[in-house]
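Trainee: I have a structure open and would like to learn how to read its features one at a time. Could you walk me through it?

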Amino acid sequence: MNFDFDFIVIGSGFGGSVTAHRLTEKGYRVAVMEMGRRWTPENLPTTSWNIWRWIWRPEIGLRGFFNMEPFRHVVILHGCAVGGGSITYANTLLVPRDSIWQNGSWAGLAPWHTEMPQHYATAMRMLGVVENRILGPADRILKKAAEAAGVGETFYRTHVAVYEPAEGEEGGRTDPDPYFGGEGPERATCIACGGCMMGCRYHAKNTLDQNYLYLAEKHGARVFAETRVVDVLTLNGKPDGSEGYEVRTEKSTAWLRREPQRFTCRAVVFAASALGTMDLLFRLKQKGSLPAIGDHLGHRVRTNAESLIGVRIPRSRESMSQGIAIGSGIYLDQDTHIEAVRYPEGSDAMGLLATILTGGRPGRTRILLWIKTLLGSLLRHPIRTARCLHPFGWACESLILLCMQALDGHIDMRLGRPWFWPFRKTLMSVGQRVPTFIPQANEFACKVAQLTGGTPMSMVTEILFNVPGTAHILGGCPMAGSPAHGVVDYRNRLFGYRNMYVCDGSVLAANLGVNPSLTICALTERAMSYIPPAAEADWSQYPEERGN
Ligand SMILES: Cc1cc2nc3c(=O)[nH]c(=O)nc-3n(C[C@H](O)[C@H](O)[C@H](O)COP(=O)(O)OP(=O)(O)OC[C@H]3O[C@@H](n4cnc5c(N)ncnc54)[C@H](O)[C@@H]3O)c2cc1C
Ligand code: SF4
């Protein structure tokens, strides 16, 4: 049979781009289906008030690259674009502590400690990771506050995928490709505008469309933008996919003319992110397209135990926007990690979600305490409180603190009909509540406020709905030794099918305690390293069962 492609990759984020590059390099014919749009410095929004180009909600005409999806347990922030989350992410690429490989369902499946370092090294080289040389006012405050809290020695500069100028040198210089011996695109040195999460308009951020995906396209991969995968079926009545697959798509940004298309291929790689892959696999399993997908789908979804808090410093003499999106971090204790985060000047829309920090136990009493704190603050310092609550100037005046904990804890996801909109099935979270605040992090925010004369802040969703926000949703397709315990095997192969892989955040089996994209890349590098070159193609790849 003549297949349209050897591999079809669903999603062009970290897992998808690594996959596309490594497979084209091995000589395979690859297509990448991506429901988001393609972005260039020319069409990126200048501030977050331009929500049409920032937020992704195509059903109401918003065609940006950033999405916020509310669930009962958590509000999930994620990217949606050619280049996946890399267009909106904060460039921070950290290697997690070794102990993560001893926890979760992947423990003991492979000699992770000896195998992973080489794949982390490759991913870091490809993404152009350096130790951050640009420290802004927010990083300097974080350092001072860490010293005041007695953990000054844990302060570190982040490792970031940014083309930075030499220490003390001005940014903005354009250079020929500095990373791939001339095969890659031109880059320009970073000007420290703090705009990384709004998309870099200065050619300095090493997004995936500047490295992995760029090289994949150069070597023949076809990227179909604004193309959502809606179905995947096995061919020729072979239920295990041994004779290939048909992938059905439609235009993701269309309201009426959805332009349905069908493509055939030998192998499929799901790389649509933890949320996107879970959603798609649930639908394929329920409608009978891929009924053998394991029953552990949607299990052990992790939020990286996060809390977003901050300090607003009205009339701050220095702009907190200066620097790169995440320039530095500290460890409050061995499990609690805090990073200094920023948005660029003028991108104040997120300020609409900020409110005065409130302690207390989650639930109704905390809401009452919040109202009391808010009223008390308004009575004692009316002007100052009003200045903290209105969004204008929020980015320049706010030191945002992203707190993550490497503690275990998870929720589950399933496809169901919510009571308030029973007309369509959607992903729903179930299980125990995720903690909405981390007391050590709140104490630290108060310390920063004391040092700077600012006001500690948190997210209104945490207080009102007892729901934390996270940009690091992981798991849902647990990696395990057999279908009795997980959804993919130790080489990312989907149990129940031949030549079918999952390569994205959904296979991560532990809370990393650090930002996850580097680990997603490194695990995908590892999965791809087991696939032979096209000339020796082995189309009988079937997941291995290894007990547990
Ligand atoms: C504001 C923000 C800041 C962040 N900062 C950092 C950071 O500094 N460091 C870090 O490590 N991580 C960061 N993250 C998290 C990081 O972006 C994600 O962990 C990472 O992108 C996940 O990679 P992935 O390969 O799983 O999927 P993604 O990168 O999310 O890519 C999946 C792609 O699949 C597409 N897709 C989904 N469903 C379909 C479908 N049915 N058909 C076709 N395409 C589909 C999506 O549009 C998306 O583009 C940040 C996230 C946000 C939102
Ligand atoms: S700080 Fe500005 S120039 Fe530097 S990488 Fe981020 S967006 Fe680009």
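Trainee: What span should the twelve residues of α1 have, and how far apart are its end C-alpha atoms?

Mentor: Happy to help, and please keep in mind that this is a predicted model. The general idea is to compare a helix with the span expected at 1.5 Å a residue. For α1 the expectation is 16 Å, and the end C-alpha atoms are 17 Å apart, which agrees.

Trainee: How many of the residues of α1 are buried?

Mentor: Here the cut-off matters: buried means under 20% relative accessible area. Eleven of the twelve residues of α1 meet it, so the helix is largely enclosed by the rest of the structure. Among them are Phe14, Gly15, Gly16, His21 and Arg22.

Trainee: Which elements do the buried residues of α1 pack against?

Mentor: There is a mix of strands and helices to look for. The strands are β1 (5-10), β2 (30-33) and β15 (261-270), and the helices are α3, α5 and α12. While you are in that region, look just past the end of α1, where Gly27 takes a positive phi of about 95°.

Trainee: Let me try α12 next. What does it reach from its first C-alpha to its last?

Mentor: Helix α12 covers residues 517-529, and its 13 residues reach 18 Å, close to the 18 Å expected. Twelve of those 13 residues are buried, so α12 is also largely enclosed by the rest of the structure. The buried set includes Ser517, Cys521, Glu525 and Arg526. These buried residues pack against α1 (14-25), α3 (112-127) and α5 (212-218).

Trainee: Now the ligand. Which residues come nearest to ligand 1?

Mentor: Start with the shell, then go to individual atoms. There are 37 residues around ligand 1, and Glu34, Gly85, Thr92, Gly505 and Ser517 come nearest. By class, the shell has 17 nonpolar, 17 polar and three charged residues.

Trainee: Where do oxygen atoms of ligand 1 lie 2.6 Å, 3.1 Å or 3.3 Å from protein atoms?

Mentor: Take them one by one. The 2.6 Å distance is to an N or O atom in the side chain of Glu34. At 3.1 Å you find a backbone N or O atom of Phe14, and at 3.3 Å a polar backbone atom of Pro516. As for cover, ligand 1 taken alone exposes 1,000 Å², and the protein buries 95% of that. The elements that give two or more residues to the shell are α1, β6 (75-79), β13 (227-234) and α12. Phe14, with its backbone atom 3.1 Å from the ligand, is also one of the buried residues of α1.

Trainee: What about a single charged residue such as Glu115: is it buried or exposed?

Mentor: Check the accessible area, then the partners. Glu115 is found in helix α3 and has a relative accessible area of 14%, so it counts as buried. Its side chain makes a polar contact with the side chain of Tyr530, at 3.1 Å. Leaving aside neighbours within four places in sequence, Glu115 is in contact with Ala110, Arg526 and Tyr530. Arg526 is one of the buried residues of α12.

Trainee: And which class does Arg317 fall into, buried or exposed?

Mentor: Arg317 counts as exposed, with 86% relative accessibility. You will find Arg317 in the loop between β17 (306-312) and β18 (326-333). Sequence separation is worth a look here too: Arg317 and Glu397 are 80 residues apart along the chain, and their C-alpha atoms are separated by 8.9 Å.

Trainee: Last one: what sign does phi have in most residues other than glycine?

Mentor: Most residues other than glycine have a negative phi. Two residues here are worth checking against that. Ser273, in helix α6 (residues 273-286), has a positive phi of about 85° although it is not a glycine. At 27% relative accessibility, Ser273 counts as partly exposed. Asn492 has a positive phi near 70° and lies in the loop between β26 (474-476) and β27 (500-502). With a relative accessible area of 0%, Asn492 is buried.

Methods. Residues numbered from 1 in each chain as written. Chains lettered and ligands numbered in written order. Heavy atoms only, no water. Helix = DSSP H or I, 4+ residues; strand = E, 2+ residues; numbered from the N terminus. Expected span 1.5 Å × (residues − 1). Buried < 20%, exposed > 50% of the residue type's maximum accessible area, 1.4 Å probe, protein only. Contact = heavy atoms within 4.5 Å. Near = heavy atom within 4 Å. Polar contact = N/O pair within 3.5 Å; in protein donor to acceptor, adjacent residues only side chain to side chain. Areas by Shrake-Rupley, 256 points an atom, 1.4 Å probe, with all protein chains shown as cover. Nonpolar A, V, L, I, M, F, W, Y, C, P; charged D, E, K, R; others polar.
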